[in-house]
Amino acid sequence: MPELPVRAIQVLADAHPKPSHLYFQYGTAGFRTLGSTLDSVLFRVGILAGLRSKRLDGRTIGVMVTASHNPEQDNGVKLVDPRGEMLEASWEVHATALANAPSTDAFIEAVSALVQSARIDLSKPARVVYARDTRPSGPALISALEDGFKALGVEARDAGVTTTPILHYLVKAINTKGTNESYGDDSEDGYYTKLSASFKKLIAGKATPDTVVIDCANGVGAIAAKNLQAYLGTSIPLVLENTDTTSRGKLNDSCGADYVKTMQRLPPNLVDVMKPGQRACSLDGDADRLMYYYLDERGQFHMLDGDKIAALVAAFIVEQVKLAGLESEIKVGVVQTAYANGASTKYLEERLPVKCVSTGVKHLHHAAEHYSIGVYFEANGHGTVLFSPATQEILTKHEPSTPAQSTALNHLINLTQLINQTVGDALSDMLLVEVVLAHKSYSGVEWNSLYADLPNRLVKVVVGDRNAFKTEDAERRLVNPPGLQEKIHELVRRYEGGRSFVRPSGTEDVVRVYAEAVLRAQADELAFRVAGLVYDEAGGDPAKRPKEFI
Ligand code: NG1
Ligand code: ZN
């Protein structure tokens, strides 16, 4: 039985000491904080990824270095399991334990304990594929990660600078290579070819879509969008904006999907670019979120968020399943979180099964796997559509009895190719939206009128200890601090169409407050009043109480 290469780990771990005053937590998006503090975390994640691979018999694990929509100075790292999905939850605890071991000796002890408790066979190979986004702190963090690989003897493949969804694609493609479940060629070329070929088939015979403006958030999505554009050729005219990935300070700055969603407005530098009625969309810093929008004839901004994408796509898929004559065999369902606009939930519930789960892609993804076709989107624009293995088999085996059934069946098969089956993917989702719009002959206006969003507001509250906030019922109810939920409920009752909930963020040291109501002013007021309750309850300094917390 081989032993841990303790000496090699020791020497390299000493070169990546843990800052003594910091605590790192593997949250909903992996580790994420100031990039300059993450050196030891990356080194340790290199070893953790190797151990995870050994545990899974040498299957390839993914490591993505990104902080997504966060400001440029932040960075982060997350692990991707062999099927291209998020790291299994039980290993999040191991990740946190390894990251916080105070010294090299303590770290080696924690690694040994993990090898024992998870019964890791050290004689197995360790294989990892890794990538980063365009953040300036990326290269140094990658070299810390590579030291981790070196210490454990990991066979590591560098996927360079690429998007989160492409890295997930690669992981799945590598692990299914040569099997009958092959996900595609394990290269970026394989990814672009798969997306562009299925897109072209899906819009064949339809009018070429109008020009779509893509705000690339000055991030890695700019590189991927440019590559994809070459594969798409003339099938869809794209105009790429915010593509500066080299100037400091530009990433996600007044642009990108998160800016659009939280500010509920156009990125300022698109104001002069967009024509009335023209569609545009924003990616986030690692291109796994997508927000659509358009300006109407009066120049008014209309946002088409993840909920609107879910509504558009779910209705289209239900229609195609019916047309293919597969209604009794294939059940389509939608998964949302409590952040979904109440109007979207109402619209969807009238048409198909809808489930609400806790925030975090892993919860959405797992719930979506319970349907034959599971559509999941977070309001912030992260989402995808999952086709179960049984459904994929039905689609390949089904014998259509009319030409119309055959057409719909082919559309569904092509959708399984177009849609990223591993994680939310802004570029794949953008093409999906354009396919549905082309089929329905919808402009942004018709799409937007599927239902009218309830006005809503999302507020952050800085508290002493966000871990004091505990929730239940898919985060819709607070159970701790005691008594606070009753006070929130009491407030909500006073607002027409009022809904509000409070939960600790998994990616920032804050508590989030969401509120919606029939009227804009009421949604704002409710959000700020609940934020005030949270602030007072959580021991915020009265002198620093934000004045808008009425
Ligand atoms: P937190 O910080 O836990 O609210 C945010 C998003 C999630 C998810 C993660 C991962 C909101 C309200 N929350 O999580 O939906 O996308 O980041 O990036 O949008
Ligand atoms: Zn992202």
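This tour moves from the ligand to the two pockets of the structure.

The model is predicted, so local features need pLDDT of at least 70, side-chain atom pairs count only at pLDDT 80 or more, and totals for chains, interfaces and linings use all residues. Residues are numbered from 1 along each chain as its sequence is written, chains are lettered from A and ligands numbered from 1 in the order in which they are written, and side-chain values use heavy atoms, with hydrogens and water left out.

**Stop 1: ligand 1**

Select ligand 1 and the 13 residues around it (a residue is near if one of its heavy atoms lies within 4 Å). Glu378, Ser505, Gly506, Thr507 and Arg512 come nearest. By class, this shell holds 2 nonpolar, 7 polar and 4 charged residues. Here Ala, Val, Leu, Ile, Met, Phe, Trp, Tyr, Cys and Pro count as nonpolar, Asp, Glu, Lys and Arg as charged, and the others, Gly among them, as polar.

Next, display the side chains of Arg289, Glu378 and Asn380. A polar side-chain atom of Glu378 lies 2.5 Å from an oxygen atom of ligand 1. For Arg289, a polar side-chain atom is 2.9 Å from a ligand oxygen, and an N or O atom in the side chain of Asn380 is likewise 2.9 Å from an oxygen atom of the ligand. Taken alone, ligand 1 exposes 430 Å², of which the protein buries 89% (Shrake-Rupley method, 1.4 Å probe).

**Stop 2: the largest pocket**

Where does ligand 1 sit? Ligand 1 sits in the largest pocket (more than half of its atoms lie within 2 Å of the pocket's grid points). A pocket is an open set of points on a 1 Å grid over the protein atoms alone, where a 1.4 Å probe fits, with protein on both sides within 12 Å along at least five of seven lines; lining residues have an atom within 4 Å of a point.

The largest pocket has a volume of about 1200 Å³. Of its 50 lining residues, select His69, Asp258, Arg289, Asn380 and Arg512, the closest to its centre. Then colour α6 (164–176), α9 (257–263), β15 (456–461) and β19 (511–516), which each give two or more residues to the lining. The largest share, 5 residues, comes from α9. The lining divides into 13 nonpolar, 20 polar and 17 charged residues.

**Stop 3: the second largest pocket**

Finally, select Gln25, Arg466, Ser505, Gly506 and Thr507, which lie nearest the centre of the second largest pocket among its 38 lining residues. About 1000 Å³ of space lies there. Strand β1 gives the most to this lining, with 4 residues.

Notes: A polar contact is a pair of N or O atoms within 3.5 Å; within protein, one must be able to donate a hydrogen and the other to accept it, and residues adjacent in sequence count only if both atoms are side-chain atoms. Grid points are joined across faces, edges and corners, and a volume is the space filled by probe spheres set on the points.
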